[in-house]
Amino acid sequence: MAFKFLPKGFNFFDLFEKQVDCAVNSAHCFSELVSKGTLDVDSIKEIQDLEHQGDEAAHTIIKQLNKTFITPFDREDIHELTKQLDDVTDMINNIARRLLVFKLIGVDKKLVEFASVIEESTHAVALAVKGLRNMKNSKSIQEACVEVNRLENVGDTMRDAALAELFETATDPIAVIKWKEIYQYAETVLDICEDVAHVVESIIVKQA
Amino acid sequence: MAFKFLPKGFNFFDLFEKQVDCAVNSAHCFSELVSKGTLDVDSIKEIQDLEHQGDEAAHTIIKQLNKTFITPFDREDIHELTKQLDDVTDMINNIARRLLVFKLIGVDKKLVEFASVIEESTHAVALAVKGLRNMKNSKSIQEACVEVNRLENVGDTMRDAALAELFETATDPIAVIKWKEIYQYAETVLDICEDVAHVVESIIVKQA
Amino acid sequence: MAFKFLPKGFNFFDLFEKQVDCAVNSAHCFSELVSKGTLDVDSIKEIQDLEHQGDEAAHTIIKQLNKTFITPFDREDIHELTKQLDDVTDMINNIARRLLVFKLIGVDKKLVEFASVIEESTHAVALAVKGLRNMKNSKSIQEACVEVNRLENVGDTMRDAALAELFETATDPIAVIKWKEIYQYAETVLDICEDVAHVVESIIVKQA
């Protein structure tokens, strides 16, 4: 697969990996952040930096895509993959910001669990995306995608359980408003990871 | 219109109809569920089963689409139609789950009305989608799409009225949080039905 | 750039400009509405009319697009540009309706600021979109897009500050529910303006 017409040294795969590394690293920082429960400013800053780095990689990809005739796979799949990878890191950053805005201090056991599932899911997403460099990996890529789908279902159940408990034990409506949004955003990260997996699956099927 | 390169017996239209039947049936179950007001577990289970069946049909369509050279209409329209049909059933399932999570027992007159409009809209969507098998139907397809658009406007007005009444008479903020989400989700089903109608309209115009 | 096969007198640019004028004018009406703080029915009606006009322009574009072989730029970019421009005016109309539903009377300083940033952003969007008629403008188009991106960041900060203050000083949970939604919707308008700018940037890069 040749990258004719591309600037020397430019490689879509390098930038997809940059994006997915940002997702993995921000999920890791997020997990640390919520495990501390102190709204640690350094972690929040680091998540924001990762979001900027991922954003830059996404912009470079889209810019090159618009200037390039030959691409490693369908243009619309590149566009979609980049957008969804960007959204993963964006959403993690949004939750971190929202925790700060809501001044949600203290360790919430359910959010810690969510963060751990999000970390697992970004690892599976990274396996899938990094596998695209070599389509001979298609079996291990598919297994990673299945894992991402499984974790999305886990997330659905976790969100429903978290919301049910929140509303059952609720006394402070303001706290309900805050935590409802945080849990729903956390589940949304897993939804977006699943969207990435769907794009990867499409790419593989077409190459088969 | 020939389906060369497609597995023997595979037919996109059969699967679109499977998807739209799932939407119609889940709308019917949902209507029954909210009319009983008892969070009937069997109805909720049936809605969930229909969501799984619709999901499988969607996956089969996308998989075949990626492997197929000749399609009955534009690939991006098939993709979009499948995705939006899937979202209709998904969203109905989401509301059912949320009713359970929120433990919303009792018959809510406004939600019963919403469910009835949703049922009407899925019937019109089914007429439109099933009409695609034979483009000679274009006039009746267009009428069905106009009806879906009309019902979306009805839904907007219903949601605004429901929210206005909810906030005017509100005493329990937790109940406001719950019902606000349910009404907004109900209106979203009608938005997605309208999205389906837009895709169908695009397909017809291109074939004209 | 020839518009063969298009009905005499049909011009995509005229309709994009119609759409963007609707966005600019509805942002202006919205700004006046929230500055008065009286839920002025005439302003709300005017915003709704502009939303209908924008909607009609969008439908005409999509209909022509589906019937036309030769387009001024990529079909999917036309589709996306039209959709996002439509969403700007839609979202402004949604906020106006929601203010009425929530009976939010009185001037809210933060919403007035938001409305002013939204007005600025729609002006920059208009510069970018109107520039597309003549690609020699590409430098000024790009500057307008940069400005839209800048205002989106301003909006993020404004929303976070508005939410932080809302939750810190909150005594009435029902008021929190209302204002939280209004501020988040206001920021969403700026997100959609940024989406328009992204499409415009893609169009320019491809023409370069």
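Two residues are in contact here if their C-beta atoms, placed from the backbone, lie within 7 Å. Keep that cut-off in mind, as the interface talk below leans on it. One more thing up front: this is a predicted model.

**How the copies meet**

With that contact rule, only 20% of the interface residues of chain A are also interface residues in chain C, so the copies meet through different surfaces. The pair of chain B and chain A tells the matching story: only 20% of the interface residues of chain B are also interface residues in chain A, so here too the copies meet through different surfaces.

**The symmetry**

In general, two copies of a chain are related by a rotation about an axis and a shift along it. For chain A and chain C, a rotation of 120° with 0.0 Å of shift along its axis does the job, leaving an RMSD of 0.0 Å. That is the relation of a three-fold axis. Within chain A, the residue that comes closest to the rotation axis is A:Pro173, with its C-alpha at 3.6 Å.

Chain B goes onto chain A with a rotation of 120° and 0.0 Å of shift along the axis, again at an RMSD of 0.0 Å. In chain B, the C-alpha nearest that axis belongs to B:Pro173, 3.6 Å away.

| Superposition | Rotation | Shift along axis | RMSD |
|---|---|---|---|
| chain A on chain C | 120° | 0.0 Å | 0.0 Å |
| chain B on chain A | 120° | 0.0 Å | 0.0 Å |

**The B–A contact**

Which residues does the contact draw on? Chain B puts in 10 residues and chain A puts in 12 residues. On the side of chain B that touches chain A, helix H2 (41-67), helix H3 (75-101) and helix H6 (173-207) of chain B each supply at least two residues. H2(B) gives the most to that side, with 4 residues. Sorted by class, the side of chain B that touches chain A holds 6 nonpolar, 1 polar and 3 charged residues.

**Inside one chain**

What about chain A by itself? Chain A has 6 helices and 0 strands, and from the N terminus on its elements run α-α-α-α-α-α. The radius of gyration of chain A is 18 Å, close to the 17 Å that the globule rule gives for 208 residues, so chain A is as compact as a globular protein of that length. Along the principal axes, the C-alpha atoms of chain A fill a box of roughly 60 × 30 × 20 Å.

Buried residues account for 41% of the 208 residues in chain A. Of the contacts in chain A with a separation of 6 or more, 82% link residues 24 or more positions apart.

Terms used:
Residues numbered from 1 in each chain as written. Chains lettered and ligands numbered in written order. Predicted model: local features only at pLDDT ≥ 70, side-chain atom pairs only at ≥ 80, totals over all residues. Nonpolar A, V, L, I, M, F, W, Y, C, P; charged D, E, K, R; others polar. Least-squares fit on C-alpha atoms with pLDDT ≥ 70 in both. Rg over C-alpha atoms; globule rule 2.2 N^0.38 Å. Buried ≥ 20, exposed ≤ 12 C-beta atoms within 10 Å, placed from the backbone.
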